[in-house]
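Let's take a walk through this model, starting with how its parts are arranged and then looking at what holds them against each other. Have the coordinates open as you read.

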2 protein chains.
Amino acid sequence: MTIIGVGLLGASLAKVCKERQITGRIAGFGRNADNLKRAEEQGVIDHGTTDLKDAVAGADLVVLCSPVASIVERFREMAPHLDAGCIVTDVGSVKAPLVQDIEPLLPEGVHYVPAHPIAGAEKSGLDASTADLYEGARCILTPTDNTDKATLERIQQFWEAVGMRVQILTAEEHDFIYGAVSHLPHVVAFALINAIGQLKTSDQEDILSLSAGGLRDITRIASSDPVMWRDICLANKTHVLDMIDRFSKSLEDIRKQIEQDDGASLKESFKNANGHRGKLVGQNS
Amino acid sequence: MTIIGVGLLGASLAKVCKERQITGRIAGFGRNADNLKRAEEQGVIDHGTTDLKDAVAGADLVVLCSPVASIVERFREMAPHLDAGCIVTDVGSVKAPLVQDIEPLLPEGVHYVPAHPIAGAEKSGLDASTADLYEGARCILTPTDNTDKATLERIQQFWEAVGMRVQILTAEEHDFIYGAVSHLPHVVAFALINAIGQLKTSDQEDILSLSAGGLRDITRIASSDPVMWRDICLANKTHVLDMIDRFSKSLEDIRKQIEQDDGASLKESFKNANGHRGKLVGQNS
């Protein structure tokens, strides 16, 4: 197996594959030779290289763990060096654009099964990697009409062996859903803390210090990596813009109810929110 | 001492005052006779009554723990029955409108020190009350030019005895700050879950079930009480509308950066958010 990108996701994948003996020898590609050397020394990978051709030579399975913005480029570079029969999967948080760009580049006999393991952590990089990062989390596979059934099954088994609960969606469906339940909430959290982060009064230089637990929780994901989220928002642009507009409409409804002192509708809006939130946490309220 | 409203805040206050022997006999007013009877039986209060005149008779200290929308009305009803020398404080989450309405109603010799203990819990009511609800939390006092200095000091000592860290702000400052760090985040959480709570795809009836921890955290406060938050939003209307507009502007900035594929500015927006969030959790990043 070859892992492209030995960061949090790639190194964690290598660790669990070693621990559970899911794959044989693990090669790792990266652009930082020091990082690869450390990964080798720690036994996370068997062979680290900054040469993509060398990294994928003879690989039966290649997992693209690069940032979402460089996955297509990495695939383009490695495609000529892949053996027939090789299966490629990835960890990209956005799927339709990747599928659209990668499928036409697939060499004869090479298969691609798009994947999005819903795993991550507040920290990133090799040092934050753990063998249990994927345990119990969901992994979305987004095969297309071109995806070979047997290959899909093999990749499903691979992610399951890693500890994940696999679910199959279309790439479009995936991007719509994660635009709603993940990308929009991140954008909202970033926008919220930006809106109030610099406010002050004549006496209070730092009004954030007066906040309670609610603000801490709602803005937790505003600590997420700026580069990763820039790339996700741009890759899933259409859905993210659509979701921002849906959200703005929902906010505008509440704004109007407040402006017009429409307490009955406002209470109804908040009660609806209670209900949706109850469903989310499984209370069926 | 008399507590007006024997719910989560009122009953918790009674409990801690009993436990620490901060006050003598505690009378409780409420509209639900059964609730008062239970509070009496549990020893939370010494005397429960649905008669406001009876409740405040001879009281040296009255704490208004009613919902924010009914605090002024309760005060209006009880004002004629307050003894000279009596001090009134409250727990309302919005301060300027209360101060504005209550100060002109103050009988000769009766003092009012507006307070907002930043305490609460996901559950409400007598059964959820605990003696440590206020422990270590912040309590904002918003005295005016009319507030007697000695009385202010006495009330500051009272809330400190309860376990709180007292901070003094003007009522306007308070409403601006909590409009930003509390009311806006609640509105945003309600609007967010409403925007995505009903979305589905042809194959997925319930897309929320596909979400990860981020959505759970960011929408936690969308489980807050609809009536309480309706009342807070309407009471602090001017600031809440202002904050919604500031937030909408911040969101629109990000939306434009995504729409125009302006990755550099988008990354900058997200980095700024990281910085504000870092300040919030004390990382100085």
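Which residue of chain B comes closest to the rotation axis? Ile218(B) does, with its C-alpha at 2.0 Å from that axis. Keep in mind that you're looking at a predicted model.

Now for the axis itself. In general, two copies of a chain are related by a rotation about an axis and a shift along it. Here, chain B lands on chain A after a turn of 180 degrees, with 0.0 Å of shift along the axis and an RMSD of 0.0 Å. That is the relation of a two-fold axis. The contact surface tells a matching story: 100% of the interface residues of chain B are also interface residues in chain A, so the copies meet through the same surface.

Let's look at that surface. Chain B puts 85 residues into the contact, and chain A puts in 85 residues as well. Between them the two chains bury about 8,000 Å², with 69% of that area on carbon and sulfur atoms. Leu210(B), Arg277(B) and Leu280(B) supply 9% of what chain B buries against chain A, more than any other three residues.

There's polar chemistry here too. The two chains share 6 salt bridges. One to find on screen is the link between the side chains of Lys237(A) and Asp261(B), where N and O are 2.9 Å apart. Counting polar contacts, you get 32 residue pairs between chain B and chain A, with both partners at pLDDT 80 or more.

Which elements carry the contact on the chain B side? Those giving two or more residues are strand S8 (138-141), helix H7 (171-196), helix H8 (213-218), helix H9 (226-235), helix H10 (237-259) and helix H11 (263-280) of chain B. H7(B) gives the most, with 18 residues. Sorted by character, the chain B side that touches chain A has 46 nonpolar, 21 polar and 18 charged residues.

Next, zoom in on a single chain. The domain assignment splits chain A into domain 1 (2-169) and domain 2 (173-280), and the C-alpha centres of these two domains sit 32 Å apart. Where they touch, 14 residues of domain 1 of chain A are in contact with 12 residues of domain 2 of chain A. This pair of domains buries about 1,000 Å², of which 65% is on carbon and sulfur atoms.

How many salt bridges run between domain 1 of chain A and domain 2 of chain A? The count is 0. Polar contacts do turn up, though: 3 residue pairs across this interface, both partners at pLDDT 80 or more. On the domain 1 side of chain A, helix H5 (96-102) and strand S8 (138-141) are the elements that give two or more residues to the contact with domain 2. That side divides into 8 nonpolar, 3 polar and 3 charged residues.

Finally, step back to the whole model, which holds 31 salt bridges over all chains. Among them is the one that Asp46(A) forms with Lys18(A), the closest N and O atoms being 2.6 Å apart. Asp46(A) lies in the loop between helix H2 (33-41) and strand S3 (47-49) of chain A, while Lys18(A) is in helix H1 (residues 8-19) of chain A, so the pair ties together parts that are 28 residues apart in sequence.

Note on methods:
Residues are numbered from 1 along each chain as its sequence is written. Chains are lettered from A and ligands numbered from 1 in the order in which they are written. This is a predicted model: local features need pLDDT of at least 70, side-chain atom pairs count only at pLDDT 80 or more; totals for chains, interfaces and linings use all residues. Side-chain values use heavy atoms; hydrogens and water are left out. Copies are superposed by least squares on the C-alpha atoms of residues with pLDDT of at least 70 in both. Contact means heavy atoms within 4.5 Å. Domain bounds come from an automatic or database domain assignment. Buried area is the accessible area (1.4 Å probe) that two parts lose on being put together, summed over both. A salt bridge is a side-chain nitrogen of Lys or Arg within 4 Å of a carboxyl oxygen of Asp or Glu. A polar contact is a pair of N or O atoms within 3.5 Å; within protein, one must be able to donate a hydrogen and the other to accept it, and residues adjacent in sequence count only if both atoms are side-chain atoms. Helices (H or I, at least four residues) and strands (E, at least two) are DSSP runs, numbered from the N terminus. Ala, Val, Leu, Ile, Met, Phe, Trp, Tyr, Cys and Pro count as nonpolar, Asp, Glu, Lys and Arg as charged, and the others, Gly among them, as polar.
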